[in-house]
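I opened this notebook page to record what I looked up in the structure. The entries follow the order of my reading.

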Amino acid sequence: MTTTENTLQQDWDTWHAAREEELRTPHGWLSLTALEWITETPTTFDGVPGTWRATGDGGVELTATAADGLVARGAPVDGTVRLEPRDGLPGALVTAGDRKIEVARRTDTYALRVRDPQAPTRTGFSGVPAFPVDERWVVDARFEPYAEPRRITVGAVVEGLNHFPIAVGTVRFTVDGSPQELVALAGKDAGLSLHFRDATSGDTTYGGGRILKAGEPGPDGTLRVDLNRVVNLPCAFTAFATCPLPPEGNTLSVAVEAGEKLPA
């Protein structure tokens, strides 16, 4: 192993360990145990205290008694409280003992998700399988920004649901002599997000695609893309997430045998 390969492996090992530690957090994606849809009809859900109702004007009402043991906005719930989750962002949280009940908004629909540290998906988690690290998957790319960022529409793993990410340009690179092109989305904090499928999708990797968080391009658009760090979306680990699908056309023509594999 060359010095470059050794450094690449060591850096990846550190990154991968941090990635798995993040997944293990008590109320992370592995802790989900339920996904329920809230309508304008007051409804109770199995294993979830209180009665829940979408108000029709951008909010959700939770009605409970002090005996239910719920806490919202820092205070015990004894009566009715209003929650106002924002579309596309993490939901409003209600605590119930060591569980967290997340109320999320997706377009004009509202969902309730239970995050339980004792979820089998979390307690039984033994790591994320991944392809061997290989420097052939570290490629030079070029970012071509749009004149203006664009709000685009993509589907979701939940039928009938849409997401509306911000597309900021195109990333072009070559893999094994084959030119590739992806629509780049704005990163959560900075940089770019590349959400794509490839020839491994639905076979050795998650069918809904994987995501690579890339850094900020240089002033001339140059960008280093390390496909060894491609990761699964939450929906690869749980049936209770509402992940987006890749932008139209974001399917690579090669098998990217790099990054995270389909979880067991």
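Entry 1, strand β16. I began with the two faces of β16 and found both covered: Leu192, Leu194 and Phe196 on one side, Ser193 and His195 on the other, are all buried. The model is a predicted one. I then counted along the strand, residues 192–196, and 5 of the 5 residues are buried, so β16 is largely enclosed by the rest of the structure.

Entry 2, neighbours of β16. I looked up which strands pair with β16. Strand β15 (residues 178–186) is joined to β16 by 2 bridges, and the two run antiparallel. Leu185 has Ser193 of β16 as its bridge partner. The two strands form a hairpin with 5 residues between them, and in the turn I noted Gly191, whose phi is positive at about 70 degrees. Strand β17 (residues 210–214) is also antiparallel to β16, with 5 bridges between them. Here Leu194 is partnered by Leu212 in β17.

Entry 3, a buried ion pair. I next examined Asp198 and Arg210, whose side chains meet in a salt bridge at 3.1 Å, N to O. Asp198 lies in the loop between β16 and β17 and Arg210 in strand β17, so the pair ties together parts 12 residues apart in sequence. Is each partner buried or exposed? Buried means under 20% relative accessible area; Asp198, at 5%, therefore counts as buried, and Arg210, at 1%, is buried as well.

Entry 4, other salt bridges. My search of the whole structure returned 14 salt bridges. One of them joins the side chains of Asp176 and Arg136 at 2.3 Å, N to O. Asp176 sits in the loop between β14 (166–175) and β15, and Arg136 in the loop between α2 (120–123) and β11 (138–151), so this pair ties together parts 40 residues apart in sequence. Asp176 is exposed at 59% relative accessible area, while Arg136 is partly exposed at 40%. I also recorded Arg229 with Asp226, at 3.8 Å, N to O; Arg229 is partly exposed at 28% and Asp226 is buried at 17%. Asp57, Arg82 and Glu84 I entered as a network of salt bridges.

Entry 5, the chain as a whole. I listed 2 helices and 19 strands. The C-alpha trace spans about 65 × 40 × 30 Å along its principal axes. Of the 264 residues, 46% count as buried. For charge, I noted that the mean positions of the 25 positive and 36 negative charges are 3 Å apart.

Key:
Residues numbered from 1 in each chain as written. Predicted model: local features only at pLDDT ≥ 70, side-chain atom pairs only at ≥ 80, totals over all residues. Heavy atoms only, no water. Helix = DSSP H or I, 4+ residues; strand = E, 2+ residues; numbered from the N terminus. Buried < 20%, exposed > 50% of the residue type's maximum accessible area, 1.4 Å probe, protein only. Lys, Arg positive; Asp, Glu negative; His and termini not counted. Charge placed at Lys NZ, Arg CZ, Asp CG, Glu CD. Pairing = 2+ DSSP bridges.
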